[in-house]
Amino acid sequence: MKAVKCAIASFVLLFLFSCNTEYEFSNIPCFLVIDNATHNDPTLAGSLNPMSSGIFCYISIISKSGVQYFAFTDNNGNNSTSIFNAIDSKRSLLPGINNGIFVGYSIFDPHVLYAYDRQCPNCTDPNNPIKQRNPLTMSTNGIATCAKCGRQYDMNNGGIISKGAAGEKMIRYRVASTNPFGVLNVNN
């Protein structure tokens, strides 16, 4: 009986100390919904295909002559735009701090779809993160780089710092996608 109590106590302690108290997802406002069944954008679809892991797409909203578009650029150099439809125009979209997020599946775990803010997390004023403008750029191998601090972040590995001074990993949002030509939903 004493051995059983010790085993239970050990299990409870192990459970309590193994819990990760770090917040995985940001509380910074982000809301983006794109129905790729309507837009049929191949650049976005490439990053939403788990069979194409390691392809990350930068998504932003741009205006041309007063008309809004989604702009897509992937880390293979593909670019495209898609005009807002009536439903897109009615939504209050907020694609991250710098009007941009990165989405894609990890090469290490093709079952994990990531969504990161384009803002460098280590060049952000914690008292006012919304007004910061230190955007990250991405390379073909899924590395995001900050021109200001020089840190490099591995988007395939949870946005951790892969080169540079210690600090916070990339700002991450909740993301879901029904399929490459389905609905993408990014929020916090």
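## K169, R172 and E24

K169 is partly exposed, with a relative accessible area of 24%; partly exposed covers the range between buried (under 20% relative accessible area) and exposed (over 50%), computed with a 1.4 Å probe on protein chains only. The model is predicted, so local features need pLDDT of at least 70 and side-chain atom pairs count only at pLDDT 80 or more, while totals for chains, interfaces and linings use all residues. Residues are numbered from 1 along each chain as its sequence is written, and side-chain values use heavy atoms, with hydrogens and water left out.

The structure holds 3 salt bridges, a salt bridge being a side-chain nitrogen of Lys or Arg within 4 Å of a carboxyl oxygen of Asp or Glu. In one of them, the side chain of K169 meets that of E24, at 3.4 Å from N to O. K169 sits in the loop between β10 and β11 and E24 in the loop between α1 (2-18) and β1 (31-35), so that distant parts of the chain, 145 residues apart, are linked by this pair. Here helices (H or I, at least four residues) and strands (E, at least two) are DSSP runs, numbered from the N terminus. E24 itself is partly exposed, at 28% relative accessible area.

R172 also forms a salt bridge with E24, and the closest N and O atoms are 2.7 Å apart. R172 lies in the loop between β10 and β11 and E24 in the loop between α1 and β1, so this pair ties together parts that are 148 residues apart in sequence. Salt bridges thus link E24, K169 and R172 in a network.

## Surroundings of R172

The loop that holds R172 runs between β10 (160-163) and β11 (174-177). R172 counts as buried because its relative accessibility is 13%. The side chains of R172 and E24 are also joined by a polar contact of 2.7 Å; a polar contact is a pair of N or O atoms within 3.5 Å, where within protein one must be able to donate a hydrogen and the other to accept it, and residues adjacent in sequence count only if both atoms are side-chain atoms.

Apart from neighbours within four places in sequence, R172 is in contact (heavy atoms within 4.5 Å) with E24, F25, S26, V112, L113, Y114, A115 and Y116.

## R91 and D88

A salt bridge also joins the side chains of R91 and D88, at 3.5 Å from N to O. R91 is partly exposed because its relative accessible area is 29%, whereas D88 counts as buried at 2%.

## Cysteines

The structure holds 0 disulfides, a disulfide being a pair of cysteine sulfur atoms within 2.5 Å. C120 is in no disulfide, and its nearest cysteine sulfur, belonging to C146, is 3.7 Å away. C123 is likewise in no disulfide; its nearest cysteine sulfur is that of C149, at 3.7 Å.

C120 has 0% relative accessibility and therefore counts as buried. C123 is buried too, with a relative accessible area of 9%.

## Nonpolar cores

The largest nonpolar core has 23 residues, of which L44, I59, V103, Y173 and V186 touch the most other members. A nonpolar core is a set of buried Ala, Val, Leu, Ile, Met, Phe, Trp, Tyr and Cys residues joined through side-chain atoms within 4.5 Å. At least two residues of this core come from each of β1, β2, β3, β5, β6 (113-117) and β12 (183-187). A second, separate core of 13 residues includes Y116, C120, L136 and C146.

Y116 is thus a member of the second core and a contact of R172.

## Positive phi

Most residues other than glycine have a negative phi. S65 is not a glycine, yet has a positive phi of about 55°. S65 lies in the loop between β2 (56-64) and β3 (67-74) and is exposed, with a relative accessible area of 81%.

N99, also not a glycine, has a positive phi of about 55°. N99 is in the loop between α4 (86-90) and β5 (101-105) and is partly exposed, at 30% relative accessible area.

## Whole chain

The protein has 4 helices and 12 strands. Of its 188 residues, 41% count as buried. Among contacts between residues at least 6 apart in sequence, 56% join residues at least 24 apart.

About 10,200 Å² of the protein is exposed, and carbon and sulfur atoms supply 57% of this area; accessible areas come from the Shrake-Rupley method with a 1.4 Å probe, and for residues only the protein chains shown count as cover.
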